[in-house]
Amino acid sequence: ATYTFNADEFNGDGSLGVATIASWLLNLAPGESIVSALFTSTFGNSANPTSATGVVTVGGVTVATCASPGFPCWSGPGPTPISYNFAASEFGALTGTFDLAYNQTGCCVIRLGPSELVINTDVAAVPLPAAMPALLVGLGALGAVGLRRRRKA
């Protein structure tokens with residue numbers, strides 16, 4: 001299955017610290033597991049092509065950093081693309097309720113373009129219990145014995 005989570009572009013208020021941009025919820029079905037996850041957005045948006053210094057996280061995983069003035073994310077010339085492929089070891093951060101957040105660490109105003117997280121999952125084949133083949137053989141044997149008895153009667 002494919003799960004897509006979206007957040008509209010975001011403009012902060014200039015305050016330092018963590019701003020929660022979106023909260024998302026992913027409940028996987030039994031046997032379903034994440035096989036890939038891709039986050040995309042931009043530093044800067046339609047209001048302004050730049051953003052404050054800081055760290056963007058999804059589920060606590062750092063997906064982008066605007067390190068300091070002078071980086072394109074802070075000084076332009078236009079919105080700077082963000083693209084992050086989650087590693088398999090990070091998939092656990094994307095289950096249950098998790099946040100898209102921006103921790104503003106320096107000057108100015110947080111600005112993110114529209115953000116999207118696409119998660120692809122797969123459902124593992126359900127294995128037969130180990131006793132199932134033995135049970136089927138036993139039921140077949142009982143059926144054969146029953147047929148033999150009916151024929152003799």
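**Buried aromatic rings, core, sheet and disulfides**

In the predicted model, Phe5 has a relative accessibility of 10% and therefore counts as buried, the limit for that class being under 20%. Phe98 is likewise below this limit, since its relative accessibility is 4%, so this residue also counts as buried. Trp24 and Phe98 form an aromatic pair with an edge-to-face arrangement, in which the centres lie 6.0 Å apart and the planes meet at 75 degrees. This pair links distant parts of the chain, as Trp24 belongs to strand β3 and Phe98 to strand β8, with the two positions 74 residues apart in numbering. Trp24 has a relative accessible area of 6% and is therefore buried.

Across the whole structure, the search for aromatic pairs returns 5 of them. One of these consists of Phe5 and Phe98, whose ring centres are 5.8 Å apart and whose planes are at 75 degrees, so the pair is edge-to-face. An angle over 60 degrees is what this class requires. Here too distant parts of the chain are linked: Phe5 lies in strand β1 and Phe98 in strand β8, and the two are 93 residues apart. Through such ring pairs, Phe5, Trp24 and Phe98 are joined into a cluster.

The next point concerns the nonpolar core. In soluble globular proteins, nonpolar side chains tend to be buried together. The largest nonpolar core of the model holds 31 residues, and the members that touch the most other members are Val58, Phe86 and Leu117. Two or more residues are contributed by each of the elements β1 (2-7), β3 (17-26), β4 (32-43), β5 (54-58), β6 (61-66), β8 (96-104) and β10 (115-123). The most is given by β3, which supplies 5 residues.

The surroundings of Leu117 can be listed individually. When neighbours within four places in sequence are set aside, Leu117 is in contact with Tyr3, Thr4 and Phe5, and also with Trp24. Its further contacts are Ala37, Leu38, Phe39, Val58, Phe86, Leu94 and Phe98. Phe5, Trp24 and Phe98, the residues of the ring cluster, are thus among the contacts of Leu117. Val58 and Phe86 are also on this list of contacts, and with Leu117 they are the members that touch the most others in the core.

Several of the strands are arranged in an open sheet. This sheet has 4 strands in the order β3-β8-β5-β6, and the pairing is antiparallel. Its edge strands, which pair on one side only, are β3 and β6. From one strand to the next, the twist averages 20 degrees. Between β5 and β8 there are 5 bridges, and these strands run antiparallel. Within this pairing, Val58 stands opposite Leu100 of β8. On the other pairing of β5, 5 bridges join the strand to β6, again with antiparallel direction, and Thr57 stands opposite Thr62 of β6. The hairpin made by β5 and β6 has 2 residues between its strands, and in this hairpin Gly59 adopts a positive phi near 60 degrees.

The model contains 2 disulfides by the distance rule applied. With the bonded cysteines numbered in sequence order, the pairing reads 1-2, 3-4. Cys66 is joined to Cys73 with an S to S distance of 2.2 Å, and this link is right-handed, with 95 degrees about the S-S bond. Cys66 counts as buried because its relative accessibility is 1%. Cys73, with a relative accessibility of 4%, counts as buried as well. The second link is formed by Cys107 and Cys108, with sulfur atoms 2.2 Å apart. This link is right-handed, with 55 degrees about the S-S bond. Cys107 has a relative accessibility of 46% and therefore counts as partly exposed. For Cys108 the relative accessible area is 36%, so this residue is partly exposed too.

Technical notes
Residues numbered from 1 in each chain as written. Predicted model: local features only at pLDDT ≥ 70, side-chain atom pairs only at ≥ 80, totals over all residues. Heavy atoms only, no water. Core = buried A, V, L, I, M, F, W, Y, C linked by side-chain atoms within 4.5 Å. Buried < 20%, exposed > 50% of the residue type's maximum accessible area, 1.4 Å probe, protein only. Contact = heavy atoms within 4.5 Å. Disulfide = S-S within 2.5 Å. Pairing = 2+ DSSP bridges. Axes fitted to C-alpha atoms, helices over the stretch in contact; angles between N-to-C directions. Phe/Tyr/Trp six-rings, centres within 6.5 Å; stacked < 30°, edge-to-face > 60°.
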